[in-house]
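Student: I would like to learn how to read a model of this kind, feature by feature. Where should we begin?

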There are 2 protein chains.
Amino acid sequence: MLSKKAQYAFRALTHLVEKYDQGPVLISDISKKKKIPLKFLENILLELKKAGVLESKKGKGGGYYLKNHPSKTHMANIIRVVDGPIAMLPCVSLYFYERCKNCNEQYCALHDTMIAVRDATLNILEHRTLQDLTNH
Amino acid sequence: MLSKKAQYAFRALTHLVEKYDQGPVLISDISKKKKIPLKFLENILLELKKAGVLESKKGKGGGYYLKNHPSKTHMANIIRVVDGPIAMLPCVSLYFYERCKNCNEQYCALHDTMIAVRDATLNILEHRTLQDLTNH
DNA sequence: AATGAAGTCCACCGGTTTGGTAGGGTATTG
DNA sequence: CAATACCCTACCAAACCGGTGGACTTCATT
C-alpha cells in the first residue's frame, strides 16, 4: 500500500502540474488547496526536490515548481522517492536490490513470480507520468 | 513489500506442499527445516488455519497440513491473509475496500492507474498457486 | 484414567516507522 | 534591511513489526 505521504505527494504534484509554467507555488498555497498539513508537506516537497523532481526558489515570489515537463516524470519515480521499493521483495527490486538471505537455495520459489509482478507493475507505472494526473 | 511474516508463510507452505499427503507436519519440524522462529511460526500457521488454508490435528501424531490440494490455493490468497491488501490504495482494493476521503473530486487522478496496477498484479498472483512453489 | 505430545490462545515487549507538530535558522529578494 | 519563504532539527503519539513467554486444551496412546 502507498503511504499517506505518497498520496500527499501525488496530490501536491497534481497541483503543481496544473500550475506548470506559472512560476513558483507557495507551500502554503498547496497546503491549503489540497488540504495537506503544512509542515508535513514541507518535508515531502523538499524530498522531491532533492530527488530532482522539483525545483524551488527562495525569498519573495519564491516557491516550488516542477523541474521538468510533467510528461518527463514517471509515477514510478515518485513512489520510489517517497515510499521506496515498488517490488514485493528486496531480491527482485531494481533500485533497492538486496540479496535474499532466506533463499539460500539456488532457486527461490517466489522469485520468478515476484519478478513477473514487478514487471507488470513497472510496465504501467513507468509509462504514466505526472501529466496523466490531470487528464480528465 | 511483503512483510517477513509473509515470506515465512510462503517458506512454511513450500514445506507443507512437499509433504502433501504424508500426514500432519509438526510446527517444530517446519521451524527447523525452514529456519523460522518457532513461536512466530505458530502465529502464522494459526492465522492460515483460521483463513481456511491449513488444517491441524492436535495431540500425538498431530501437526499442520494443507486443507486443499496445492493447486487450489492462490498466492494472492496467502498474501491477503498475512499482509492484507494487495492493491496500492484502499479505494481500489477488492477485499479491503475503503472509500477514499482524499479524492473528494469525482475523479481521482491516481485511481485508474492504481486499478490497472492492481489488475496486472492480480492477474499473476491469482493464477499462481502453492503448487508452483515447488516446480523446479 | 493418566500421561504427555501436540496445537491453541493471549498477553506482552522492544524497536522502527508513520503521521504529524513546533520552533527556529538561513538564504533570497524587493 | 526586513519580509518572505525555504531549510533543518527535534520531538511526539500511535501503530506496526518481528518476536517471546507461559498457560491451557485437546487428543492418542497406554
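Student: Which helices and strands of chain A and chain B each supply at least two residues of the surface near DNA strand C?

Tutor: Keep in mind that this is a predicted model. Both protein chains take part: α1 (4–18) and α3 (38–50) of chain A, together with α3 (38–50) and β2 of chain B, each supply at least two residues of the surface near DNA strand C. The largest share, three residues, comes from α3(B).

Student: Which residues come nearest to DNA strand C, and what classes make up the surface?

Tutor: There are 23 residues around DNA strand C, and A:Ser3, A:Lys4, A:Pro37, A:Gly59 and B:Ser56 come nearest. By class, the surface has ten charged, seven polar and six nonpolar residues.

Student: Which elements supply the surface near DNA strand D?

Tutor: For DNA strand D, α3 and β2 (63–66) of chain A and α1 and α3 of chain B each supply at least two residues. The strand is surrounded by 23 residues, the closest being B:Ser3, B:Lys4, B:Pro37, B:Lys39 and B:Gly59. Nine charged, eight polar and six nonpolar residues make up this surface.

Student: Let us turn to the fold of one chain. How many helices and strands does chain A have, and in what pattern?

Tutor: Chain A has five helices and two strands, and along the sequence they follow the pattern α-α-α-β-β-α-α. Its C-alpha trace spans about 60 × 30 × 20 Å along the principal axes. Of the 136 residues in chain A, 36% are buried. Among its contacts between residues at least 6 apart in sequence, 60% join residues at least 24 apart.

Student: How should I read the two strands, taking chain B as the case? In what sense do β1 and β2 pair?

Tutor: The general idea is that in a regular strand the side chains alternate between the two faces of the sheet. In chain B, β1 (residues 54–57) and β2 (residues 63–66) pair in the antiparallel sense over four bridges. To follow the register, start at B:Leu54, whose bridge partner in β2(B) is B:Leu66. The hairpin has five residues between the strands, and B:Gly59 in this hairpin takes a positive phi near 70°.

Student: A glycine with positive phi is one case. Which residue of chain A has a positive phi although it is not a glycine?

Tutor: Most residues other than glycine have a negative phi, and most peptide bonds are trans. A:Asp21 has a positive phi of about 70°. This residue lies in the loop between α1 and α2 (27–34) of chain A. In chain B, B:Asp21 also has a positive phi of about 70°, and B:Asp21 is found in the loop between α1 and α2 (27–34) of chain B.

Student: Is A:Asp21 buried or exposed, and why?

Tutor: A:Asp21 counts as exposed because it has 7 C-beta neighbours inside 10 Å, and the cut-off for exposed is 12 or fewer. B:Asp21 likewise counts as exposed, with 7 such neighbours inside 10 Å.

Student: How are the two protein chains related?

Tutor: Two copies of a chain are related by a rotation about an axis and a shift along it. Here a turn of 180° and a shift of 0.0 Å along the axis lay chain B on chain A with an RMSD of 0.1 Å. The two copies are therefore related as by a two-fold rotation axis. The same surface serves both copies, as 96% of the contact residues of chain B recur in chain A.

Student: Which residue of chain B comes closest to the rotation axis?

Tutor: That is B:Ala120, whose C-alpha is at 3.0 Å from the axis.

Student: How many residues of the two chains are in contact, and which helix of chain B gives the most?

Tutor: The contact involves 26 residues of chain B and 25 residues of chain A. In chain B, α1 (4–18) and α5 each supply at least two residues of the side that touches chain A, and α5(B) gives the most, with seven. By class, this side has 16 nonpolar, seven polar and three charged residues.

Student: Can we take one residue of α5(B) as a case? Why does B:Val117 count as buried?

Tutor: B:Val117 is in helix α5 (residues 111–125) of chain B. This residue counts as buried because it has 26 C-beta neighbours inside 10 Å, where the cut-off is 20 or more. Leaving out residues up to four places away in sequence, B:Val117 touches A:Thr121, A:Ile124, A:Leu125 and B:Met88.

Student: Which residues have the most contacts inside the largest nonpolar core?

Tutor: That core has 76 residues, and those with the most contacts inside it are A:Ala9, A:Ala12, A:Leu13, B:Ala9, B:Ala12 and B:Leu13. With residues up to four places away in sequence not counted, A:Leu13 touches A:Ile78, A:Leu130 and A:Leu133.

Note on methods:
Residues numbered from 1 in each chain as written. Chains lettered and ligands numbered in written order. Predicted model: local features only at pLDDT ≥ 70, side-chain atom pairs only at ≥ 80, totals over all residues. Pairing = 2+ DSSP bridges. Contact = placed C-beta atoms within 7 Å. Core = buried A, V, L, I, M, F, W, Y, C linked by C-beta atoms within 7 Å. Near = placed C-beta within 6 Å. Nonpolar A, V, L, I, M, F, W, Y, C, P; charged D, E, K, R; others polar. Least-squares fit on C-alpha atoms with pLDDT ≥ 70 in both.
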